Amino acid sequence: ETDRDGVYVAYANGIVRDTSTGLEWKAGPDRDTNWNEARSWVQSLGGDWRMPTIDELERLYQKGKGDRNMTPLLKTSGWWFWSGGEEDPSVAWGFYFNYGLRHWRSRNLSIDGRAFAVRSRSDG
C-alpha cells in the first residue's frame, strides 16, 4: 500500500482499489484514446481486466474531488472515459467527469478520451 484516499487505496504497481466495492482500477495511457484503442489497451493487460460499465464510471465521480472530480490516486489528464458497453457498433457510453454526466459518443472520437481498466478481486 502506498497511498490512501478515503475508500481508495493506491499500490506501487499503479492499481487503485476501491475498498467499498472491491473493484480494482487502472488508468490507461494518458493520451487521446478512441473506444477501440481503449478496448485494445484493456485486453493487452490480460487476466480478468475489462472495460468498466457506465454505472461503475459514475460511481467514481465525486464533485470537487481532486482536479478531475474523482480520487486523485487515479492519475489522468482526461475528462471523458469510455465504458465497455457493446450495445451499438458505432457509439458507446462514456462518462464526462467535468460535468458528471453519462453520454453517447462516436467510438471513433478520441479527443480527451481515456481508458480505465477494472476488475473484481475477491481475494482481499
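**View 1. An open sheet of five strands, in a predicted model.** In this predicted model, 5 strands form an open sheet in the order β1-β2-β3-β4-β9, and their pairing is antiparallel. At the edges sit β1 (3–5) and β9 (116–120), each of which pairs on one side only. On average, neighbouring strands of this sheet are turned by 20 degrees against each other, direction ignored. Follow β3 (residues 16–18) to β4 (residues 23–27) and you will find 2 bridges joining these antiparallel strands. Here Val16 stands opposite Trp25 in β4.

**View 2. Strand β9 beside β4.** Let us move along to the edge strand β9. The antiparallel strands β4 and β9 are joined by 5 bridges. One pair to look for is Ala27 with its bridge partner in β9, Phe116. Although β9 pairs on one side only, 4 of its 5 residues are buried, so this strand is largely enclosed by the rest of the structure.

**View 3. Helix α1 across the sheet.** Helix α1 (residues 35–45) lies across β4 and β9, and runs at about 40 degrees to β9. Its buried residues are Trp35, Ala38, Trp41 and Val42. Seen down the axis of α1, these buried residues fall within an arc of 130 degrees, so they line one face of the helix. The general rule is a handy companion here: an α-helix has 3.6 residues a turn, so residues three or four places apart point the same way. What do the buried residues of α1 pack against? Their partners are β4, β5 (80–82), β6 (91–96) and β9. On the other side of the helix, Gln43 and Ser44 are exposed.

**View 4. The two ends of α1.** At the start of the helix, Asn34 places a side-chain oxygen within 3.1 Å of the backbone nitrogen of Asn36. Following α1 is Gly46, which has a positive phi, near 70 degrees.

**View 5. Two separate nonpolar cores.** The largest nonpolar core holds 16 residues, and those touching the most other members are Trp25, Leu57, Leu60, Leu74 and Phe116. Two or more residues each come from β2 (8–10), β4, α2 (54–60) and β9. Which element gives the most to this core? That is α2, with 3 residues. A second, separate core has 12 residues, including Trp35, Val42, Met51 and Ala92. Two of the residues named for this second core, Trp35 and Val42, are also among the buried residues of α1. As a general backdrop, nonpolar side chains in soluble globular proteins tend to be buried together.

**View 6. Tyr8 and its surroundings.** Tyr8 lies in strand β2. Is Tyr8 buried or exposed? With a relative accessibility of 4%, Tyr8 counts as buried, because the cut-off for a buried residue is under 20%. Leaving out residues up to four places away in sequence, Tyr8 touches Asp3, Val16, Arg17, Asp18, Arg59, Leu60, Gln62, Thr71 and Leu73. One of these, Leu60, also appears among the core residues that touch the most other members. For a sense of scale, Tyr8 and Glu24 are 16 residues apart in sequence, and their C-alpha atoms are 9.3 Å apart in space.

**View 7. Arg107, a buried arginine in a loop.** Look for Arg107 in the loop between β7 (101–106) and β8 (113–114). Its relative accessibility is 6%, so Arg107 counts as buried. Which backbone oxygens does its side chain reach? That of Gly85 is at 3.2 Å, while the backbone oxygen of Asp88 lies 2.7 Å from a polar atom of the Arg107 side chain. Apart from neighbours within four places in sequence, the contacts of Arg107 include Asn34, Trp35 and Asn36, as well as Trp82 and Glu86. Further along, Pro89, Ser90, Val91 and Ala92 are also among the residues in contact with Arg107.

**View 8. Two loop residues with positive phi.** Asn69 is found in the loop between α2 and β5. Its phi is positive, near 55 degrees, although Asn69 is a residue other than glycine. With a relative accessible area of 11%, Asn69 is buried. Asp112, in the loop between β7 and β8, is not a glycine either, yet has a positive phi of about 65 degrees. Asp112 is partly exposed, with a relative accessible area of 23%.

Methods:
Residues numbered from 1 in each chain as written. Predicted model: local features only at pLDDT ≥ 70, side-chain atom pairs only at ≥ 80, totals over all residues. Heavy atoms only, no water. Pairing = 2+ DSSP bridges. Axes fitted to C-alpha atoms, helices over the stretch in contact; angles between N-to-C directions. Contact = heavy atoms within 4.5 Å. Buried < 20%, exposed > 50% of the residue type's maximum accessible area, 1.4 Å probe, protein only. Polar contact = N/O pair within 3.5 Å; in protein donor to acceptor, adjacent residues only side chain to side chain. Arc of directions from axis to C-beta. Core = buried A, V, L, I, M, F, W, Y, C linked by side-chain atoms within 4.5 Å.
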